[in-house]
Amino acid sequence: MATQDVMIRVDRLSKSYGGPRPAVDDISFEVRRGEVLGFLGPNGAGKTTTMKILTSFLAPTSGRAEVAGHDVYSDSVEARRKIGYLPEDTPLYKDMTVLEYLDFVADVRGVRKEHRQARMKRVVEQCGISDRLGMLVGELSKGYRQRVGLAQAIIHEPEVLILDEPTSGLDPNQIAEIRGVIKQIGQEKTVIFSTHILGEVQATCSRVVIIADGKLAADGTPDDLMRKTSGQGEILLEVGGKRGNDTEPLALLRHVDGIEDVKVLATADWSLSDRPRATTFRITVKQGVDPRGDIARVIATADGMDLLSMSMDKASLEDVFRKLTTTSGTGAA
Amino acid sequence: MQNVVAIAKREFSSYFNSPIAYLVVAAYLILSGGLFFSGLFLGGQADMRAFFELSPLLFFIITPMLTMRLLAEERAQGTMELLLTMPVTDWEVVIGKYLASLGLLAVMIGLTIPFAISVAFLGPLDKGATMSAFVGQFLMCGTYAAIGLMASSFTKNQIVAALVALFIGFGLFILGRLVPVLGPWAAPFINAICIDIRFQNAARGVLDTRDVLYYLSMIGGCLLVAQATLESRRWR
């Protein structure tokens with residue numbers, strides 16, 4: 001891969017605020033042109049700190065980061081030129097109108113006067129704020145403020161777009177719109193955005209980096225990450241019938257190939273009613289096998305046992321996330 | 001340079017988006033005009049001495065109100081983060097903000113030029129002396145503004161910024177009155193740094209190079225500290 005295609009390079013980055021453990025602890029990853037990277041992690045994991053270092057607002061304690069080939073510390077003005085940034089909570093000057101504000105940003109961002117008109121028009125349309133240009137930023141609703149924040153981040157057509165929780169606090173329609181804009185931009189540019197909403201990552205990202213407790217917990221495409229843990233999927237099995245108590249099906253299941261562990265999740269004893277008694281089992285499956293057919297055969301052919309239901313839980317990104325961020329360090333990819 | 005202009009322009013116009021600037025300018029004009037003209041008719045002399053002698057006192061109180069928000073508000077609102085992640089240097093931010101406050105002070109001082117004109121109608125006014133006094137006054141205001149900007153870089157609380165600037169300004173102002181308390185050995189030292197003593201030369205219409213150097217080095221020093229404070233986010 002040609003080096004100029006790597007738009008963001010983070011190399012053994014650490015940042016300590018002087019607390020007992022660093023906010024960011026030895027993180028390395030790369031983002032290439034045209035990638036939309038979801039930056040995932042629980043609150044306080046170090047997402048915002050990493051982004052503040054990437055945008056040269058803070059300096060790393062150790063390690064380095066590059067944006068479009070420029071070191072964010074030693075060549076920070078050049079690095080910042082390539083970046084569009086939307087910080088958390090969208091801090092904008094409240095006493096300016098939207099138009100004044102965007103004009104100011106275009107000034108400082110060095111948007112040429114001859115392109116300004118066209119650029120402004122495009123951005124305003126893209127972010128859907130053309131009917132709010134004369135309003136004071138401070139009077140805008142949260143959703144519109146977020147759009148103005150996005151507009152200021154893309155007005156100079158940056159190579160790299162860094163967005164810190166761009167959809168937090170928005171309603172579902174607004175979230176969908178912002179996602180649309182991010183996707184559209186991500187086709188030609190590099191986008192990195194942080195979130196703790198997992199659906200967002202599945203909907204928009206081509207790659208995911210998960211951090212927990214300041215450490216890199218995973219790095220890959222959303223599918224990759226799901227596949228990695230899907231082997232340890234679970235089957236929920238409900239067995240009924242006269243002999244559908246817990247011990248007998250348990251003994252049968254032990255002999256099925258590909259099953260790692262079986263636990264009784266719940267027993268429903270309907271002895272006072274006329275409904276059959278039923279037991280629910282949670283079956284942990286070995287990596288990469290699907291023993292559902294075998295299980296069905298074993299139970300259905302056994303005397304006095306009825307197969308009431310069976311379902312396999314595919315690991316969702318949510319599981320991956322929870323797994324990686326609660327037992328941090330063990331799942332390093 | 002383009003960045004400095006953009007930042008200064010934004011900052012200057014935002015003065016007029018809030019009532020504070022209007023109130024402060026009005027207060028200054030009323031206070032200085034009232035005090036000056038009442039004294040003028042009592043004294044019966046067509047000069048601006050009384051007007052200028054007052055100004056170190058008035059400005060150390062007034063300038064902090066104009067400078068307190070410059071950096072503190074950016075910090076409180078979080079807009080500092082957006083500003084400093086744009087391709088601007090910390091210096092450009094400091095200079096841009098400083099120029100904006102100077103601009104407003106220039107407007108304020110400009111609005112008192114009619115005072116001098118009206119005095120000139122009443123009697124023979126030494127135009128040269130008055131002009132150098134105005135220049136000296138502007139330099140002195142510039143010094144207070146630099147102190148205010150520095151104070152504003154220390155905190156995100158505007159009130160704290162104003163008070164810090166007020167204390168420093170007051171200290172530089174009152175120092176001259178401490179000579180009798182401290183004894184004559186302190187006089188050379190105090191004469192060197194007391195802004196009031198410096199300015200009394202200008203009020204008489206004498207703009208000494210040493211005084212100009214004093215103002216400029218105070219301004220430079222304060223802006224340097226303000227810049228260092230901004231940059232310190234990257235050392236911590």
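Select B:Lys9 and A:Asp107 to begin, since their side chains meet in a salt bridge at 3.7 Å, N to O, where the term stands for a side-chain nitrogen of Lys or Arg within 4 Å of a carboxyl oxygen of Asp or Glu. The model is predicted, so local features need pLDDT of at least 70 and side-chain atom pairs count only at pLDDT 80 or more, while totals for chains, interfaces and linings use all residues. Residues are numbered from 1 along each chain as its sequence is written, chains are lettered from A in the order in which they are written, and side-chain values use heavy atoms, with hydrogens and water left out.

Across the interface of chain B and chain A, the rule finds two salt bridges. Next, select helix α1 of chain B, residues 2-15, then α4 (69-77) and α5 (79-84), the elements that each give two or more residues to the side touching chain A; helices are DSSP runs of H or I with at least four residues, and strands are runs of E with at least two. The largest share of that side, seven residues, comes from α1(B).

Now widen the selection to the whole interface, where 25 residues of chain B are in contact (heavy atoms within 4.5 Å) with 29 residues of chain A. The two chains bury about 2,600 Å² between them, 56% of it on carbon and sulfur atoms, with buried area being the accessible area (1.4 Å probe) that two parts lose on being put together, summed over both.

Finally, select chain A, which has 11 helices and 14 strands. Of its 333 residues, 49% count as buried, that is, under 20% relative accessible area with a 1.4 Å probe, protein chains only.

Note on methods:
Buried < 20%, exposed > 50% of the residue type's maximum accessible area, 1.4 Å probe, protein only.
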